[in-house]
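Here are some notes to read alongside the model, written for someone meeting a structure of this kind early in their studies. Please keep the sequence and the 3D view open while going through the points.

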Amino acid sequence: MNSAERVMATLQGAPVDRRAVVTTTSLYGARLTGCVFERYYTVSKEYADGQAAIIERFQPDLLLSPLCVANEAKAFGCDKRYMKENPPNITKRAIACGAEIDAIKFPDIDTHPSILYTRESVRRIAEQFHGQIPLAAVWVDPMNLLATVVGLETFMELAIFNRPVFDHAMVLFSDFCVRHGNALLSDGADLLINFGSVCNMAIIPYKMAEDIAKPNLEKMYSQIKGGILFHNGGYKIGGFLKLYSDLPNLLGFIVDQKDNLIDARQAIGTDILFAGNVDGATLNRVTPDKIGFVCSKILSTMEKDPKFILATTSADIPYKIRVSKVLS
């Protein structure tokens, strides 16, 4: 069984030769190839070479497109700064306040360099590994994209105190997100991972998830021409799983390391996939033996669940960690 066959069988709940394993190692490819971030996050060939190095070293069962929200933010007029050991960071938002929503210039997904970098990375990886290893394109929904472009404080101000402007922004951002998501699928991505960094329990209350997040996600997901995995965004998602579990085109969830796996399965039922819950962002602070113990415990807990994938959660596995000692 190759990775594509293994993941497809897991989605169907069919027997597999071993449990599928997914690691958030989009950043780590730069370390393996020795590529500086200024090129790794702007030159698609460098990123694709980094993912080829990940495959050669670790054999994960899913590849990722670049996880770099600052690139998309730059396409909307934000400023970004390169970091020493992390993906680029946003240093200035596109607008100063919510009243300036209509001043935001939406990028052309076919011509803007920051958008094309991701799309071309997807094309290169798909060309090399299609049919062998599934490729998931990291993709943000309109709420997360709005929060990225204008800042979380402005996002919350609009959502709570100025719904007409917020709803207007959702129309604009949803149109872009649908076109972008479908373009990534047409470029060769096998599925999308919705990085839900504001649609989780740490950022919004249940009422907002019910009244704002879910209706917007339903409208957008229904227009996507492929399957979607909902990512927790780095925070607990358990309390929202049942609410989101009937979204159109939803393949499943990537839960947080703090989410209870048994409770998560009970919340979403047995028909859809979910993955977790190794804390990838802290692997550099624990011993390989500890990681092995955690993984073994998770696998033991989920032994009888045919639609579970062992996966790291949160953001990228740190640049400095000796991954070969932990994951090989």
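**Notes on strands and helices**

1. Leucine 63 stands opposite leucine 135, which belongs to strand E5. Please bear in mind throughout that the model is predicted. The strand pairing to look at here is that of E2 (residues 63-64) with E5, which runs in the parallel sense over 2 bridges.

2. E5 also pairs with strand E6 (residues 191-195), again in the parallel sense, and this pairing has 4 bridges. Within it, valine 138 has isoleucine 193 of E6 as its bridge partner.

3. Is strand E5 covered on one face or on both? In a regular strand, side chains alternate between the two faces of the sheet. Leu135, Ala137 and Trp139 lie on one side of E5, Ala136 and Val138 lie on the other, and all of them are buried, in keeping with the count of 5 buried residues out of 5 for residues 135-139.

4. Leucine 184, located in helix H9, counts as buried because its relative accessibility is 0%, and the cut-off for buried is under 20%. Beyond its neighbours within four places in sequence, leucine 184 has contacts that include Ala137, Val138 and Trp139, as well as Leu192. Its C-alpha atom is 9.5 Å from that of serine 65, although the two residues are 119 apart along the chain.

5. Helix H9 (residues 163-186) also meets helix H8 (residues 152-161), their axes coming within 6 Å and crossing at roughly 115 degrees. Phe155, Leu158, Ala159 and Phe161 of H8 are in contact with Arg163, Val165 and Phe166 of H9, and by class this contact has 6 nonpolar, no polar and 1 charged residues.

Note on methods: Residues are numbered from 1 along each chain as its sequence is written. This is a predicted model: local features need pLDDT of at least 70, side-chain atom pairs count only at pLDDT 80 or more; totals for chains, interfaces and linings use all residues. Side-chain values use heavy atoms; hydrogens and water are left out. Axes are lines fitted to C-alpha atoms, for helices over the stretch in contact, and angles run from 0 to 180 degrees between N-to-C directions. Contact means heavy atoms within 4.5 Å. Ala, Val, Leu, Ile, Met, Phe, Trp, Tyr, Cys and Pro count as nonpolar, Asp, Glu, Lys and Arg as charged, and the others, Gly among them, as polar. Buried means under 20% relative accessible area, exposed over 50%, partly exposed in between (1.4 Å probe, protein chains only). Two strands pair if DSSP finds at least two bridges between them.
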